[in-house]
Each structure stands twice: as C-alpha cells, then as structure tokens.
Amino acid sequence: MSWMIKIEDVSKMYRLGLVSSGTLQDDFKRAWYKFKGKEDPFLKIGEENKRDTAGSDYVWALKDINFEVKKGEILGIIGKNGAGKSTLLKLLSKVTKPSTGSIKTRGRIASLLEVGTGFHPELTGRENIFLNGAILGMKKSEIKSKFDEIVDFSGCERYIDTPVKRYSSGMYVRLAFAVAAHLEPEILVVDEVLAVGDAEFQKKAIGKMKDVSQGQGRTVLFVSHNMGSIKSLCSKSILMKNGTITKYGKTDEVINTYLNDSSSNSIVPLNERDDRKGSGKLIAESIKLYNSNNIETSEFIPGERMKLIFKLNGNLESGKFLFNVIFTNNFGSAVAMFRSDEINPNLELNTEKIISIEIPKLNLRPEHYNISYYIANNSFSSENFYDSLENCVSFEVLNFDYFKSGKMIKNGNFGLINANIHS
Amino acid sequence: MNEKEDLHEIITPKKHLFDVNLKEIWNYKDLLFLFVRRDFVAVYKQTILGPLWFFIQPIFTTLIFTVVFGRLASIPTDGLPPVLFYMIGITCWNYFAECLIKTSNTFILNSNIFGKVYFPRLVLPISIVISSILKFGIQFVLFISFLIYYYIQGADIQPNIFILLLPFLLLLMAGLGLGFGIFISSLTTKYRDFQFLIAFGVQLFMYATPIVYPLSLAKEKLGSYSWIAVANPMTSIIEAMKYAFLGHGELNWYYLAYSTLFMMVLLFIGVVTFNKVEQTFMDTV
C-alpha cells in the first residue's frame, strides 16, 4: 500500500529562556548573517533536547525524523515527556513549521491535539458543535448532516441548548470528542484525548478510532502514555527519545523497549533518586525483598511468601504515621495495595526504624511488577506526605506450576486466585 | 502511483513571502461566518442592557463632545447641527478603531486555538472586520434617525447623491483598520511594546482626524502645514461622509484616491507580514 504521510529529515529548533530579553540583538545578528549569505549562526549550536542538563539556549526538539505512514494504518507514538511527540504532531497539524526537512501528505489532515479547542463558554452546545466543527475544518453542510449523530455519540441531548459553561467537565469533553470523532479527514492526528472521560466513554472512543482506520481506511497517528490503548489500537509504533526516533516497529516490541528503558529507573539506588515527593521528615533509606527462604531476591514464584523490609530514617514527635505500598504492573495500573491504616492502625515508629510487610501468598501472575510507597502524616493527600517514591523497586514473578496440574501458568499482569475446577 | 499527482500538500520550513492562499480562505468561509456569529452572540450575553450598549456608547460620546468641544471650546461645526456633526464622525471612527484594535490582538488572544489546530489565520481578523460592520450598521441606523429628525426640523443639511459612496468608504475604513491591525498583531507576537502603543495611539490618531473639528478649520489654522491633516488617510473618508450625508465637508477625489492607494499598500504590507509571522509565531508568542 502507498504512504499517506512521508516525513523526511524533519528537525525543529526551539529557543529557550526569555524570548524577549536580548533577542533583538540575536535577530539583528541573524539578519546580518542572512544578508551576507551565511547560514543562521544559531542553528549550529543546537543540541539534543535534554531537559535536565543545562546547555546552549537553542535546542533541537526534533532532530532528523524520518518515517512514513501507510494508508489505513494506526501508528502509535510513545515516549517520555519531552521526547518530542507533541512537537511532531504540531508540525503535522501545521500549527508551526519545521526548521528543516519536509513533510508530504496525501489528503487532508485533521488534528485532535486537545479536545474542545475553540469552544466558547457562552455559546450553547449546539452553537459550539458548529463552531468547533468549522475550526477543525468541516463545512457547515457536513456538520448539519452529522449533527444528530454527534449529539447522540456525546450523550448530551438534554443539554444541547445550554451554554457549555454550565456543563460538567465530563460532558464538555464528551461533546468535544464527539465533534472531533466525526471529522472525516484522510489523516487523523490524535494526542492523549482518550485519557479523559469514564471507562465507558473511553471504550466508545477507542471503538470509534478503530472504525475510522479499519472500516473507512483512514490513517491515524496516535500519541498516548497509556500503553493499554496504544496496544489495543496500533499495529506499528514509534518510540521517541530526546527528539529522535529510537525504535520503529511492531507495537509490542516498541512498548517492551520503552518499558525496559523507563523501568531502568529502579536500578538507580534509592538514595540517588531525586524525584521523591514529601517533606522528608521520615524517609525510606532502603527496601529489600525476601522470599520464603529468607533470601534477598527480586524473583518470586507465584504463591510463595514475600517479605518487604523498609529501612526508614527520620524523627517524629508522636511516632505515629501512615504507610502505603502499591504494586503496579507494566502499564502502571495498580494490582495490589497495602495500607497501614487498614492492616495495623496503630503503626508506630520503633527504635530500629524498620517496617516489614509480610505477604503470606504472593498471588500474582508471571510478569514484571513495580513497587511504590507513600509515607504520610495522617492522611494520604500529597501535602501530608513525609516521603514517597514511585517505582522504587521492581520484582519478577516467574512461571510456575501454581495449580499443581503439571502445566506452567500463563503470563498476565494481574492477580492470581487459587481455584479448583470439577465436573 | 504517480507521486506528484495525488500529493495533497508539502510542509516545508519556509513559504514564499507572497504566497497568500486566498482560495484556502474561501474554503473556510463557513468558519468565517461562524466566527462572526460567535462575536455577535457572545459579546452581550449576561449583560442586562444587551445590544442596547451598541446605542449607549455613541449617544453618550456625542453628548460629551457636544458639550466639551461645541459649547466649552466653541469649535465650529461647518454650520451643521453639532449632534449630527459629531455623531457621523464618531460612528465612522468607532468602526475604524474597532477593526484596528481588535485585529491587532489576533495572535495573542487566540494563541491557544492557534496552538492546537490549523486554519488560515487570516480568517480571524477578517471575521472581526465583518462583525464590526454589523455594529457599525446598528450605530449608523441611529445616526440616520437623528438625521431624519433634524431634516424634518428644517436644519441646514443636504444629503446628496454621494451617499452612494458609503460602501466604498466603508471598504476603505475596513481595509485601513485591517491593514494596520494585522501589521501590528504580527509585531506584537514578539515585541509586546506595540500593544501599549496601540492603546493610546488610536486615541491620539482620532484628534489628528477631523472628527471634533471640520477640515476647513484645520486648513485655515494650520496654513502651510495643512498637508499634515490631509496626509492622514482617514481625513478624506470622514470628510466625504460628512459631505455626502450632511452637505458640508470636503469631497476631494484626489484625497480619496490617495486614501485608496494608502489602504492598498498598507493592506498588502499587513497581509505579507501576517503571512510570514503566522508560520512560526507559536514558537515566539
């Protein structure tokens, strides 16, 4: 099949810092170089986009991007914050121009960078459907013919003649997505819109996107942090890092690369982590995991005993505090939670400052899991945190004949419940 | 498949300076009219007096001008009833000023829409010019009712055939306002100084235009410097309006031709800069 979008050597440079201070001078310098027929002097000193290290004031948000997307394909784009995903979509939707390179497209591009763009709070739902539709590039007649469908999809019939400023945020987003979902461009660019709405609406939205690409043969570019929806929608994906494409291929492989890369965080020793949240009055210095045989490990057999030992440091006047440990799977969804106020409401800091959590049976399917913890004063709201870290350690659950049937159990990133089946 | 033939678009770093896609703007005419509608509907929502505000503003300004400039300063009005003399000037000036001020904010006010989705950016300032015509129309009707009242009372006014020039004069004012406005909005994306300049610049500009005084007075008092008053492209338009509707004023074809040329050059410069800025303004706004 032929390509619908072809991106060749695209780069985008941004200038950091205050645009208005001292830049008039730079502008004159540029103009002077241009006048002499030389290259832009500031383009040369651009560098890879790394947010945490200081460098020159000019960075490449995107550097030498090359790829193409075929007809009817849903291409997923994943990467950490700051990898350049949104910049790429901005270039595609013509919001801003690339610094170098070219983007060729076959067909109209419509972008859903953020739903509800151009909604006017004073106008009614009906008026906003027309306005928003037109902003997204629809003709009035097109919107008219799809109006009922849009209203139906949004589920806001009752409020269609109410100004949208009276809408709940959920209704607002649903209405906005409904308009966007009924666009009929050859190429649709979507950024994170599925992160909103309730589960039912998300399902509806994903279904609609699938429809668009498979049923109607249109091309979709989809950016998300939700690996679940990327996995269920996209056959191929791109992994971006610091403005470059580090992997392009089948979605499963790309997601694995991404997750391995991002969970490498946990290899960083606890005392070197700089993303702790909380006042720091009481912090965890180390976390160790022990198996049934009291051996420190990061690999467990399903159903065996697991013991977590937290070594804390700090001083409390009252000695009372709350402690919460959460196990999450690769997709970042929680699979188990252990709250001290539920298990042992009288938890107090002892002299050794050690907390141990004992799980008699680790009932989880074979997969990779991460552990996050929260230490707090008297409630788990972020202003009460003493200390918290997400994904501080990880462990692996191994394949095992859990049901003693002679068969290894299948992988899965959720709980494992013992059962018998009889006939 | 032939690669050239079905290629819809190529996005490259730089567009040609004069590559203004008018056809694209035409394709977005539905959006244009929805913006006009939005401006009109949304402005006076949640106000008690609603569209009455359209009338209140010119009436009170006329009243103040009549007292301050007519009575206190005794500036002559070419022998015309002061109310009509000021009102026609104010109505026309309001239209020009509104086009200018509102379009001069285009990029900054709409940066959140512009940052999310593409449509020809010129649609927005054009929609402002059109929705301002509606407001002008309403205020003009007010002026016409006063005109009829004074006519019946037997005041010395002679509306004449040149009132047919109205659409052309309106176009000139729209073009001037739009041209100035989009030129300034292109500059404000980077240097906000122009925002402050506009705020009092428009006010000063009004006193350089024969609104509270007739051109004949300016010519008489300024003597050899009277070209300053004539160099203002709004002067000939206001004077032509006064002549057409009230019968006093200076309808000078040379001046009007000058204003037309001025408008065309200004609009051209405005559109070219706007076109250049719209490509990357999201990075600097």
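This is a short tour of a sheet in chain A and of the contact between chains A and B.

Before you click, note that the model is predicted: local features need pLDDT of at least 70, side-chain atom pairs count only at pLDDT 80 or more, and totals for chains, interfaces and linings use all residues. Residues are numbered from 1 along each chain as its sequence is written, while chains are lettered from A and ligands numbered from 1 in the order in which they are written.

**Stop one: the sheet**

Select strands 11, 13 and 16 of chain A, which make an open antiparallel sheet in the order 11-13-16. (Strands are DSSP runs of E with at least two residues, helices are runs of H or I with at least four, both numbered from the N terminus; strands pair if DSSP finds at least two bridges between them.) Strand 11 (282-290) and strand 16 (354-359) are the edges, each pairing on one side only.

Now keep strand 11 and add strand 13 (residues 306-314): 8 bridges join these antiparallel strands. Label I287(A) and you'll find F310(A) of strand 13 opposite.

**Stop two: where A touches B**

Show both chains. Chain A puts 35 residues into the contact and chain B 28 (C-beta atoms, placed from the backbone, within 7 Å). On the chain A side, strand 5 (100-105) and helix 3 (125-135) each supply at least two residues, and strand 5 gives the largest share, 5 residues.

Zoom in on strand 5 of chain A next. Strand 1 (residues 9-11) of chain B runs antiparallel to strand 5, joined by 3 bridges. Finish on K104(A), whose bridge partner in that chain B strand is I10(B).

Key: Contact = placed C-beta atoms within 7 Å.
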